Amino acid sequence: MKVTVLSVDRVAVDTVDTAVRPTQTSTAPKAKPKKRRSSVGLKLLMAGTGLLLVLFLFAHMAGNLKIFVGGDAFDHYAHWLRDIGTPLLPHTWYLWIQRAVLTVAVLGHIAAAVILARRARLARPVRYAHRPKVQGSYAARTMRWGGVIILLFVIFHILDLTTGTVNPVGDARHPHANVVADFAPSRWYVTLFYTLAIVAVGFHLRHGIFSALRTLGQQSPRGERRARTIALALSLVLVVGYLSVPFAVTIGAIK
Ligand code: HEM
């Protein structure tokens, strides 16, 4: 049986898993070869879902920056979010569709990451006896833990600013008041937590955007340099844009 073996970024990829080897002489009925998704497909899934999440992050950041225009502008924006698509769609339907798409994207992103990480581990025939401290898997480890921190942050963040459950004001009609109460100087620990999470988002994006651009074709040394610069610039814009809101509230520039 012919087995196609491709090598992508140190991950061994076989397009078809051969459960029965050609030399096998067993008379038992031959097991059907188990199909499995190619690692190229999984990497494209990671890149595609990641791109969708990055687009959301930029749109969300642009919306958050409306707070610098004024409290009413920010509240108006939040109410408009619930009216996108009306009258074609009923009130809040667009928001729910977006939530469903984002949830599927996050789950697909995590599933592809877990499967790819497992394959990369299994592709290594013998475990390293002494794991060098600095090695290629540094980025992979950072991505894993960064991803977990971001997931925990998003759960907290939704309880904080969407449902208002853990927010001192928690009034869905006044998101501006919720944000101002959230990052008040006395609640410095909330600002600190948001800062750590947003920096984690920045690191995750830097490596994620770089990997995605490489998967999508930027593989020459020049392309890699370009991908690295684009990834750094986009991540910095996001980190600064997001952090500007809690810090502006904490120093009293937004009341
Ligand atoms: C300091 C920075 C941030 C601020 C001030 C902020 C503000 C807000 C506010 C006010 C809402 C409620 C919107 C509404 O229901 O009208 C919201 C929802 C949300 N935010 Fe953020 N956000 C920040 C950072 C982030 C980050 C970094 C992420 C992702 C990693 C994120 C993901 C979300 C999600 C998923 C929702 C729920 C959207 C929905 O209701 O469908 N936010 N945010």
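**Exercise 1. Find the salt bridge that Arg228 forms, and place it in the helix and in its network.**

Solution. Arg228 pairs with Glu224 in a salt bridge whose closest N and O atoms are 4.0 Å apart, a salt bridge being a side-chain nitrogen of Lys or Arg within 4 Å of a carboxyl oxygen of Asp or Glu. Because Arg228 and Glu224 are 4 residues apart in helix H7, about one helical turn separates them; helices (H or I, at least four residues) and strands (E, at least two) are DSSP runs, numbered from the N terminus. An α-helix has 3.6 residues a turn, so residues three or four places apart point the same way. Glu224 is partly exposed, at a relative accessible area of 23%, on a scale where buried means under 20% relative accessible area, exposed over 50%, and partly exposed in between (1.4 Å probe, protein chains only). The last step is to follow shared partners: salt bridges of this kind join Arg214, Glu224 and Arg228 into one network.

Before going on, note that this is a predicted model, in which local features need pLDDT of at least 70 and side-chain atom pairs count only at pLDDT 80 or more, while totals for chains, interfaces and linings use all residues. Residues are numbered from 1 along each chain as its sequence is written, and side-chain values use heavy atoms, with hydrogens and water left out.

**Exercise 2. State how many salt bridges a search of the whole structure finds, and describe the burial of the partners Arg187 and Asp182 and of Arg173 and Asp171.**

Solution. The search of the whole structure gives 4 salt bridges. One of them joins the side chains of Arg187 and Asp182 at 2.8 Å, N to O, and both of these residues are buried. Another joins the side chains of Arg173 and Asp171 at 3.2 Å, N to O; here Arg173 is exposed, with a relative accessible area of 57%, whereas Asp171 counts as buried at 18%.

**Exercise 3. Describe the geometry of helix H7 from its first C-alpha to its last, and locate its bend.**

Solution. Begin with the span: H7 covers residues 221-250, which is 30 residues, and reaches 43 Å from its first C-alpha to its last, close to the 44 Å expected at 1.5 Å a residue, the expected span being 1.5 Å times one less than the number of residues. Next comes the axis, which bends by about 30° at Ser244, with the proline Pro246 following within four residues; the bend at a residue is the angle between axes fitted to the seven residues ending there and the seven starting there. Finally, just after H7, Gly252 takes a positive phi of about 85°.

**Exercise 4. Work out which residues are closest to the ligand and which elements contribute to the shell around it.**

Solution. The ligand is surrounded by 18 residues, the closest being His60, Asn64, Arg82, Arg99 and His157, where a residue is near a molecule if one of its heavy atoms lies within 4 Å of it. A polar side-chain atom of Arg82 lies 2.7 Å from an oxygen atom of the ligand, and a polar side-chain atom of Arg99 likewise lies 2.7 Å from an oxygen atom of the ligand. For Asn64, an N or O atom of the side chain is 3.4 Å from a nitrogen atom of the ligand. Turning to the elements, those that give two or more residues to the shell are helix H1 (39-65), helix H2 (71-83), helix H4 (137-162), helix H6 (188-215) and H7, and H4 gives the most, with 5 residues.

**Exercise 5. Examine the backbone of the loop between H2 and H3 at Pro87 and Thr92.**

Solution. Pro87 is placed in the loop between H2 and helix H3 (93-123), and the peptide bond that leads from Thr86 to Pro87 is cis, with omega near 5°. Thr92 is found in the loop between H2 and H3 as well, and has a positive phi of about 70° although it is not a glycine. Most residues other than glycine have a negative phi, and most peptide bonds are trans. As for accessibility, Thr92 counts as partly exposed at 21%.

How values were computed. Polar contact = N/O pair within 3.5 Å; in protein donor to acceptor, adjacent residues only side chain to side chain.
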